[in-house]
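This report describes selected features of one protein chain. It takes up loop residues, nonpolar packing, one helix, aromatic contacts and strand residues in turn.

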Amino acid sequence: MQVGIMSGHFKRTSLEESLDAILAHDIRHLQFNMSSAHLQGPLEEKIESAGPHIRDEIDKRKMVIAALGGPVNMVHVDPEKRQQAIDRLSVLISACEHVGTSVIATCTGSRDPESMWRHHPDNATEGTWRVLCSTLEKVLPIAEAAGVTIAFEPEFNNVASDAKKSRRLIDEMRSPNLKVVMDAANIFGENDLSRMTEVLDEAFDLLGEHIAIAHGKDLDHGGDAGHLAAGTGKLDYDHYVKLLCGLPFDVSVILHGLSEDQVPGAADMLRHFATKHQAHQ
């Protein structure tokens with residue numbers, strides 16, 4: 001297990017400054033936000049020339065881009081905006097080769113017309129499920145041809161709202177290039193915190209082999225829980241990290257939903273539990 005962070009949490013005037021600020025916390029694994037590269041103009045026009053610079057700066061610091069950040073609304077009610085989501089993912093897929101990663105971290109989205117992170121009752125309908133599958137049917141062949149993994153995040157407010165629905169999506173799409181971003185803070189329903197160990201164990205039983213990366217933040221209630229810094233809420237990080245360390249492959253745990261001054265505490269907490277559980281393997 002490796003401690004990582006979203007690069008966008010360190011806003012600086014240059015890519016180099018952002019990376020150095022992250023490295024000062026001894027964090028080398030990134031979910032890379034393209035905004036950190038300060039590109040001027042459309043990504044599809046700039047990435048081929050800017051990609052080698054991004055990759056060089058990452059490599060010289062012995063850092064790793066575990067995934068590109070690519071949140072889009074795959075089920076937007078407006079078909080034109082769904083097509084924009086497909087186009088955006090296509091551009092990011094092509095960007096992966098240039099920056100040196102093979103994973104895009106995204107989400108399944110919501111039928112709420114204003115926010116992909118807001119719950120909508122239509123998220124649970126079969127019609128919306130078919131829209132989601134239709135979007136992925138367009139995206140996944142592009143990802144497969146490029147050797148890129150599309151990793152969606154099970155998220156209470158999205159269509160793939162829990163581990164069971166996420167596993168259903170993987171099973172139905174039947175693509176080796178569709179995996180998940182495991183964020184334990186996002187998989188609890190309104191009344192699930194009392195069953196925390198059970199919910200976590202079920203999520204890893206269903207999705208463990210399909211995890212591409214993990215996220216690290218916290219919550220203080222189930223359902224639409226918002227964001228707290230990892231280790232400051234009610235999530236059982238001891239058990240969460242135990243499950244992550246028990247995977248048969250190394251996984252980057254990307255911190256987010258925190259301020260810069262909260263990074264040392266969250267990173268130290270992850271390292272503490274990782275050391276504990278790796279020592280028992």
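## Loop residues with positive phi

Lys 62 is placed in the loop between α2 and β3 (64–69). The structure is a predicted model, and the values reported for Lys 62 and elsewhere are computed from that predicted model. Lys 62 is not a glycine, yet its phi is positive, near 55°. With 65% relative accessibility, Lys 62 counts as exposed.

A second residue of this kind is His 38, which has a positive phi of about 55° although it is not a glycine. Most residues other than glycine have a negative phi. His 38 belongs to the loop between β2 (29–32) and α2 (43–60). Its relative accessible area is 36%, and His 38 is therefore partly exposed.

His 38 is also one of the partners of Ser 14, which touches Ser 36 and His 38 when residues up to four places away in sequence are not counted. Ser 14 itself lies in the loop between β1 (2–6) and α1 (15–23). A polar atom of the Ser 14 side chain is 3.1 Å from the backbone nitrogen of Glu 17.

## Nonpolar cores

In soluble globular proteins, nonpolar side chains tend to be buried together. Here the largest nonpolar core contains 87 residues, of which Met 1, Ile 54, Leu 68 and Tyr 240 touch the most other members. Helix α3 (residues 79–99) supplies the largest share of this core, nine residues. Apart from this core lies another, of nine residues, among them Met 6, Ala 67, Ala 105 and Ala 151.

The contacts of Leu 68, leaving aside neighbours within four places in sequence, include Phe 32, Met 34, Leu 92, Ala 95, Cys 96 and Val 99. Further contacts of Leu 68 include Val 103, Ile 104 and Ala 105.

## Helix α6 and its aromatic contact

Helix α6 (residues 196–207) has twelve residues and spans 16 Å from its first C-alpha to its last, close to the 16 Å expected at 1.5 Å a residue. Its buried residues are Met 196, Val 199, Leu 200, Ala 203, Phe 204 and Leu 207. Viewed down the axis of α6, these buried residues fall within an arc of 125°, so they line one face of the helix. An α-helix has 3.6 residues a turn, so residues three or four places apart point the same way. The buried residues of α6 pack against α5 (163–173), β6 (178–183), β7 (211–216) and α7 (237–245).

Which aromatic residue pairs with Phe 204 in an edge-to-face arrangement? The partner is Tyr 240, with 6.2 Å centre to centre and 75° between the planes. Phe 204 lies in helix α6 and Tyr 240 in helix α7, so the pair ties together parts that are 36 residues apart in sequence. Phe 204 counts as buried at 8% relative accessibility, and Tyr 240 counts as buried at 0%. The whole structure holds two aromatic pairs, and ring pairs link Phe 204, Tyr 237 and Tyr 240 into a cluster.

## Buried strand residues

The following table lists three strand residues.

| Residue | Strand | Relative accessible area |
|---|---|---|
| Val 3 | β1 | 10%, buried |
| Leu 255 | β8 (residues 252–255) | 0%, buried |
| Thr 149 | β5 (residues 149–152) | 12%, buried |

Val 3 and Ala 267 are 264 residues apart in sequence, but their C-alpha atoms are 6.6 Å apart in space. Leaving aside neighbours within four places in sequence, Val 3 is in contact with Ile 27, Arg 28, His 29, Val 253, Leu 255, Ala 267, Leu 270 and Arg 271.

Leu 255 in turn is in contact with Val 3, and its other contacts beyond four places in sequence include Gly 4, Ile 5, Met 6, Gly 216, Ala 230, Ala 267 and Leu 270. Leu 255 and Glu 155 are 100 residues apart in sequence, and their C-alpha atoms are 16 Å apart in space.

With neighbours within four places in sequence again left aside, Thr 149 is in contact with Ser 102, Val 103, Ile 104, Asn 177, Lys 179 and Ala 212.

Conventions
Residues numbered from 1 in each chain as written. Predicted model: local features only at pLDDT ≥ 70, side-chain atom pairs only at ≥ 80, totals over all residues. Heavy atoms only, no water. Helix = DSSP H or I, 4+ residues; strand = E, 2+ residues; numbered from the N terminus. Polar contact = N/O pair within 3.5 Å; in protein donor to acceptor, adjacent residues only side chain to side chain. Contact = heavy atoms within 4.5 Å. Core = buried A, V, L, I, M, F, W, Y, C linked by side-chain atoms within 4.5 Å. Buried < 20%, exposed > 50% of the residue type's maximum accessible area, 1.4 Å probe, protein only. Expected span 1.5 Å × (residues − 1). Arc of directions from axis to C-beta. Phe/Tyr/Trp six-rings, centres within 6.5 Å; stacked < 30°, edge-to-face > 60°.
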